[in-house]
Amino acid sequence: MPVAEDITDSDVIVSVVIPCYNQGEYILDALSSVQSCSEPVYEVIIVNDGSTEPLTLKVLSYLKEKGYVVIEQDNQGLAAARNNGIKVAKGRYILPLDADNKIRSNYIPKGIEILDNYPEVGVVYGNAELFGDKTGVWEFPDFDVNRIIMGNFIDACAVIRKSLWENCGGYDSQIPEKLGYEDWDLWLGATEKGWQFYHVSEVLFDYRFRENSMVSQCNIPENRRQLIRYIYSKHIGLFATNFINVAAEKEYAFLSQQAYIEGWKIRCDNLEKDKSELIEVQTKLQEENSQKIQELQLQNQQKETKLQAELEGYQRSLEEKQLEVSEVKNILQETQKNYQQTQVEYARIQEEFQKLNHDLQQMRSQLQETKTRLEGTELELAHKKAEAEQSKNLIIAMQTSKFWKLRSSWFKVKKMIGVDSDA
């Protein structure tokens with residue numbers, strides 16, 4: 001996970017303080033939600049409140065290596081962890097974020113905008129989206145002093161002025177048994193100091209609802225009595241000033257709750273009456289339907305007998321078909337065996353054919369060579385015959401010439417000796 005873009009001390013407007021006690025499986029999601037704010041106006045301070053769980057220690061060590069500010073302390077509780085983180089915070093505004101929760105990307109810029117424009121406002125809070133063991137939108141009401149005195153309705157995940165935290169003495173780390181309510185105590189202190197609260201009616205953070213969370217310890221009757229005594233005695237002036245309104249509101253709430261319970265009692269009585277009538281109707285229906293059920297059972301038995309007979313017929317037919325399939329399978333196996341033998345024979349014949357074809361090719365080559373040689377011999381004989389014919393004609397011509405020369409010489413001799421030329 002990358003560290004948020006580095007900014008100078010003067011650029012830090014909001015310090016996000018994240019206490020962590022054995023919540024390593026969630027804290028990366030919390031950091032990722034903070035980094036969804038693209039404006040580089042915040043810093044993140046993580047306070048390790050004496051974690052012992054191996055995964056948490058590994059995650060926090062990793063975050064240190066990545067450059068996150070991680071404050072180490074012995075386990076002192078949520079209030080002290082927040083205080084120690086806020087003490088080193090550079091921002092003029094603080095956003096406490098539990099390690100298992102997440103904020104929306106517009107929470108920081110919206111908180112800055114409101115606190116910058118309204119100097120009398122010390123706390124900006126929004127609605128929440130529940131996730132985990134319960135889901136849905138958690139809508140908080142607008143601020144009302146009488147309502148905050150009666151009980152807390154503002155989650156700790158709010159954008160507050162650091163000066164308000166200082167003015168109220170920080171979160172109370174002396175709350176009995178560190179049971180909680182330190183955020184309610186801070187809101188009561190801020191109310192006493194005259195700070196105003198600003199409610200943004202939209203979802204600004206995500207609240208992880210867990211059945212076994214720290215808040216569940218506050219709802220144990222003995223713990224709640226101890227916490228209420230401590231809170232009331234600490235802010236006795238505020239409670240005394242608004243005693244009449246608080247008493248009236250509590251009486252109203254008590255009577256409203258009582259009326260609500262009475263209403264449910266009446267509903268339950270009506271339900272019991274309706275249940276009795278329903279039982280009577282069911283009894284009558286059972287009696288009326290008993291005979292029909294017996295008739296249906298008889299019909300079902302008859303149908304079952306018929307179906308059983310049909311099933312047995314189908315079973316016999318299936319056995320016959322299986323027998324036929326077995327015979328066909330045997331024939332197929334025999335055919336396959338013959339086919340394999342035929343393939344072997346075909347391969348042998350093909351091999352012989354290839355051999356004969358090879359021999360034929362060789363014979364054709366030999367015949368072609370013989371034909372070529374014969375053609376050469378015939379050509380040579382024709383040439384020699386032509387030469388012989390030429391020689392014959394030459395000899396004949398020479399003999400003829402010689403004959404005529406001798407004849408001429410003969411006539412000359414005869415003439416010379418006076419012999420008649422015709423003799």
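Let me begin with a term: a residue is called buried when its relative accessible area is under 20%, exposed when over 50%, and partly exposed in between. Lys110, for example, has a relative accessible area of 23%, so Lys110 is partly exposed. Please keep in mind that this is a predicted model.

I will stay with Lys110 for a moment. Its partner in a salt bridge is Glu202, and the closest N and O atoms are 3.7 Å apart. Lys110 sits in helix α4 and Glu202 in strand β9, so the link joins distant parts of the chain, 92 residues apart. Glu202 is partly exposed too, at 32%.

Strand β9, residues 196-209, has another such contact. Asp206 in that strand meets Arg104 in a salt bridge, at 2.8 Å from N to O. Arg104 lies in the loop between β5 and α4, so this pair ties together parts that are 102 residues apart in sequence. Arg104 is partly exposed, with 30% relative accessible area, whereas Asp206 is buried at 11%.

Helix α4 also carries Asp116, which forms a salt bridge with Arg92 at 3.3 Å. Arg92 is in the loop between α3 and β4, so here the parts tied together are 24 residues apart. Asp116 has a relative accessible area of 40% and Arg92 one of 44%; each is partly exposed.

How many salt bridges are there by this rule? The count is 12. Some form a network, which links Arg82, Asp98 and Glu182.

Glu182 takes us to helix α7, residues 182-192. Of its 11 residues, 10 are buried, including Glu182, Trp184 and Trp187. Just after this helix, Gly194 has a positive phi of about 90°.

Next, the surface. Glu319, Glu320, Glu324 and Glu327 make up a negative patch. Glu324 belongs to helix α11, which covers residues 243-417, and is partly exposed at 43%. Val413 is in helix α11 as well, with a relative accessible area of 39%. Together with Trp410, Met416 and Ile417, Val413 forms a nonpolar surface patch with about 480 Å² of accessible area.

Last, the cysteines. A disulfide is a covalent bond between the sulfur atoms of two cysteines. How many disulfides does the count give? It comes to zero. As for where two of the cysteines sit, Cys20 is buried, at 1% relative accessibility, and Cys157 is buried at 2%.

Note on methods. Residues numbered from 1 in each chain as written. Predicted model: local features only at pLDDT ≥ 70, side-chain atom pairs only at ≥ 80, totals over all residues. Heavy atoms only, no water. Disulfide = S-S within 2.5 Å. Buried < 20%, exposed > 50% of the residue type's maximum accessible area, 1.4 Å probe, protein only. Patch = residues over 30% accessible without salt bridge, like charges linked within 9 Å, V, L, I, M, F, W, Y side chains within 5 Å. Areas by Shrake-Rupley, 256 points an atom, 1.4 Å probe, with all protein chains shown as cover. Salt bridge = Lys/Arg side-chain N within 4 Å of Asp/Glu carboxyl O. Lys, Arg positive; Asp, Glu negative; His and termini not counted. Charge placed at Lys NZ, Arg CZ, Asp CG, Glu CD. Helix = DSSP H or I, 4+ residues; strand = E, 2+ residues; numbered from the N terminus.
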